[in-house]
Amino acid sequence: MKPPFKPQVVLLPALIASALHAGAAHPEQTIESIHELSPGLEEPVAFDRSDRDLRRAWQQAVEWYHNLSAAETPAHPRAAEFPGPVADDAERVAVTVSIDPNNPRWQVTGLYAAPGEAVTITVPEEVAELGWSVRVGSHTDGLWRRDEWKRFPVISRSFALDAPTIEVANAFGGLIYIDIPRDEERGGFHVRTYGGYGWINETPSANPSVDVAIEGAVRAPFFQLGVNDNEQWPAQLEQSGAPWGEIAGRHLTLTLPREVLETVEDPQAVAEFWDRVLDLCWEFAGWPGERLVAERFVFDEQISAGWMHSGYPIMAHLVSAENSVDLERLSTRGDWGFFHELGHNHQGRAYTFNSFVEVTVNLFTLYIMDRVCGLSPGEARSNFRDLEAVFRARLEDGRRGPFEELALYIPLIEEFGYESLTKTFQTYLSEEGSAGLLGRDDDARRKDEWARRYSLVVERDLTTYFDLFDIPASSESREAVAHLEPWFPIEGFIATFAQSMAEEQALEAEE
């Protein structure tokens with residue numbers, strides 16, 4: 001392992017300054033030095049949290065390095081470790097791909113740029129004025145907040161498609177996408193979530209497809225549901241020299257390393273499985289209409305935070321990649337992590353309390369586990385095998401972990417069904433329905449609104465139940481549901497605990 005990189009604090013800024021000096025026409029020395037100092041899987045770079053100078057030096061180096069022109073961009077020697085090398089005999093092709101301009105986000109080309117090699121992109125002249133860009137590399141997580149890097153902190157690049165012909169290159173190579181910004185004329189309502197697209201009731205334009213010519217890239221394995229079939233898949237793998245490829249359904253694309261793709265015998269079933277999961281997310285969120293823009297999973301050697309994280313793309317560690325195509329495991333045991341992150345991409349902020357970001361997300365996880373795998377909460381998660389113990393920990397011991405808080409919803413699911421949650425979510429799906437509920441300072445109102453809205457949906461007064469879990473309703477909300485029959489568990493620990501509390505309060509009142 002390399003020693004602590006204190007010399008970089010001085011070395012990197014000096015090298016960059018030299019390379020950028022007005023008379024510096026040959027930055028090869030700077031490139032070589034950055035390569036030499038770069039982290040790798042077996043030689044990570046560790047940081048002291050207080051060493052801001054070192055981080056700043058690296059930020060300057062990376063910015064300089066990733067602003068080299070396509071002609072100057074080298075192949076980074078660590079690219080062979082990750083994302084991986086292009087096969088020595090891989091053919092560089094010149095192809096034209098058809099791009100749908102009506103859907104935003106990454107449009108797949110099925111092509112891969114080799115590390116350090118320039119690729120030429122040509123589009124009709126009018127396209128250069130639409131704000132499109134070209135992305136090289138799907139691994140978009142930066143590692144700036146990590147205390148240790150096992151790879152270069154930034155390994156993807158984006159290029160403005162602002163001329164009819166441009167050249168792009170990435171020192172680490174990567175899958176090539178045409179990145180299309182969202183057209184505001186699509187209209188619709190934006191559901192504020194914790195990472196997903198979240199637009200509903202959109203009306204896409206009907207612009208004709210655009211032909212994009214790409215020269216100098218390598219074919220990548222790419223299965224598109226409805227376009228390709230399983231019989232074509234072995235030939236795609238054989239004809240591609242790219243280290244990464246994709247399986248895409250209607251609603252989700254999996255970006256996977258070649259060694260995982262080679263284990264997939266039925267890519268159609270994989271795509272259909274994940275489409276079903278995404279349909280369930282949409283269904284449980286209560287969103288109307290059809291999903292128009294797909295989500296995406298990308299697997300990486302190291303990610304910016306956590307075991308997985310939501311967003312676009314949803315990021316997960318490389319060791320989880322094989323689980324994403326293991327249909328036997330997914331359909332029987334499920335995968336809490338995958339379903340959880342998809343939950344974040346659909347989880348509404350308007351009904352999520354400040355301390356419940358990691359709580360209401362798992363309502364989606366439980367729903368998918370139930371509908372896909374037939375698993376009850378106790379079967380889906382060991383935390384709920386003894387639900388009474390969870391309630392005891394929450395109500396007697398005051399534990400407020402995500403599973404102690406999530407438990408409060410389980411009696412509601414058992415009594416009123418998952419659809420009661422969905423119907424309540426739907427009351428937030430408009431400007432009026434979510435007004436004044438999205439700010440961090442709106443937490444008290446969010447709790448009040450939830451207690452009132454859920455009670456009205458199930459036509460029972462649950463304000464006393466929610467009080468028990470510190471979700472108080474205002475006097476106005478209590479009045480709004482006072483005509484409804486009260487509901488409270490009639491047996492089990494919650495009922496016993498509430499009765500004990502009531503008796504203590506009565507004694508205190510007498511005193």
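The largest cavity in this predicted model holds about 60 Å³ of space. Around that cavity sit Tyr197, Gly198, Trp199, Glu202, Trp282, Trp287, Arg291, Leu292, Val293 and Glu295. Sort that lining by type and you get 6 nonpolar, 1 polar and 3 charged residues.

There are other closed spaces to look for: the count comes to 5 cavities of 30 Å³ or more. The second largest cavity has a volume of about 40 Å³, and its lining includes Pro39, Arg78, Lys150 and Phe172. Here the split is 5 nonpolar, 1 polar and 4 charged.

Now for the open spaces, the pockets. The largest pocket comes in at about 860 Å³. A total of 39 residues line this pocket, and Val108, Thr109, Phe222, Gln224 and Ala248 lie nearest its centre. Which strand gives the most to that lining? S3 does, with 7 residues. Strand S3 covers 105-113, and among the other elements that supply at least two residues each are strand S2 (92-99) and helix H4 (233-239).

The second largest pocket has about 340 Å³ of space. Its lining is made of 19 residues, with Pro101, Asn102, Leu130, Trp132 and Asn207 nearest the centre.

Here's how the two pocket linings break down:

| Pocket | Nonpolar | Polar | Charged |
|---|---|---|---|
| Largest pocket | 16 residues | 15 residues | 8 residues |
| Second largest pocket | 10 residues | 5 residues | 4 residues |

Methods. Residues are numbered from 1 along each chain as its sequence is written. This is a predicted model: local features need pLDDT of at least 70, side-chain atom pairs count only at pLDDT 80 or more; totals for chains, interfaces and linings use all residues. Side-chain values use heavy atoms; hydrogens and water are left out. On a 1 Å grid over the protein atoms alone, a cavity is a set of points where a 1.4 Å probe fits but cannot get out, and a pocket is an open set with protein on both sides within 12 Å along at least five of seven lines; lining residues have an atom within 4 Å of a point. Grid points are joined across faces, edges and corners, and a volume is the space filled by probe spheres set on the points. Helices (H or I, at least four residues) and strands (E, at least two) are DSSP runs, numbered from the N terminus. Ala, Val, Leu, Ile, Met, Phe, Trp, Tyr, Cys and Pro count as nonpolar, Asp, Glu, Lys and Arg as charged, and the others, Gly among them, as polar.
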